[in-house]
Amino acid sequence: MSRARRLGPALAFVLVSAGSGASAQSLLSHDWLVLQPEVGVSYANVVAVSNAGLFPSASSTSGFGPRYGLLAGMRFGPVTGGVRVDFARYSAYDVGDAGLFVEVRIPVPFIQPFGRVGAGYAWLGDLNPDPRYLACGATGTRAECPRVSGWFASVGGGIDLAFSRHFTLGANLDMTFLNLTRAASPTSLMFSNTGDSVGLQLTLGLHAALRI
């Protein structure tokens, strides 16, 4: 048997052992601080599931726009938890949310798949679903902008590339459910009553994480 054939199995054993050791070390290690900014393209329709008077039926309630986010938390083994804040801009409104998240990743070397869930407070801003029905925010001041807020729940996942122990780059896909309630407006007959809705938000994004 040639030397190359004798060294082949030994080299394979060393690589497998190294990978297993790195995975085991990741399972036992922790990060006291994880900072992860995100940027992506998002689609939102705040009345996708139901619309009980949140906006007039003829209003524009969906669209695409940029979304920005920041996650901050701590990691213990494969589990990361903390707080997140997101903000997205669309032609009809802005969508913001702030809450908690939990992320679980497979701690393999370099390529690390992950899944995550989150929940918290959500709100709409700069309302302009249709100037024929609602003139407020950036396009006019004839009516007081009604307050729209509620809660969100999100589920998503993605892949991280671990370039070092303290720095990763990745991509993510998230789906967010928005349960929103609109306050009554004292200056607008169209919105003199309260309203609510259940909508969806889909985001495809990129992120980088600093792990300390």
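**Exercise 1. Place Gln112 in this predicted model, then decide whether it is buried or exposed.**

Step 1: Find the element. Gln112 sits in strand 5.

Step 2: Check the accessibility. Gln112 has a relative accessibility of 11%, and the cut-off for buried is under 20%. So Gln112 counts as buried.

**Exercise 2. Work out which residues surround Gln112 and which atoms its side chain pairs with.**

Step 1: Skip residues up to four places away in sequence, and look at what Gln112 still touches: Arg105, Ile106, Gly158, Ile159, Asp160 and Ala162.

Step 2: Pick out the polar partners. The side chains of Gln112 and Arg105 share a polar contact of 3.1 Å. The Gln112 side chain also reaches the backbone oxygen of Val108, this time at 3.2 Å.

**Exercise 3. Say where Phe110 lies, and what its phi angle looks like.**

Step 1: Go to the loop between strand 4 (94-105) and strand 5; that's where you'll find Phe110.

Step 2: Look at the backbone. Phe110 isn't a glycine, yet its phi is positive, about 70 degrees.

Step 3: Check the surface. With a relative accessible area of 40%, Phe110 is partly exposed.

**Exercise 4. Find out which strands build the largest nonpolar core.**

Step 1: Start with the core itself. It has 17 residues, and Val46, Phe55, Tyr93, Leu124, Leu178 and Leu180 have the most contacts inside it.

Step 2: Trace the strands. At least two core residues come from each of strand 1 (30-52), strand 5 (111-125), strand 6 (148-164) and strand 7 (167-182).

Step 3: Name the top contributor. Strand 1 gives the largest share, three residues.

Definitions and conventions: Residues numbered from 1 in each chain as written. Predicted model: local features only at pLDDT ≥ 70, side-chain atom pairs only at ≥ 80, totals over all residues. Heavy atoms only, no water. Core = buried A, V, L, I, M, F, W, Y, C linked by side-chain atoms within 4.5 Å. Buried < 20%, exposed > 50% of the residue type's maximum accessible area, 1.4 Å probe, protein only. Helix = DSSP H or I, 4+ residues; strand = E, 2+ residues; numbered from the N terminus. Polar contact = N/O pair within 3.5 Å; in protein donor to acceptor, adjacent residues only side chain to side chain. Contact = heavy atoms within 4.5 Å.
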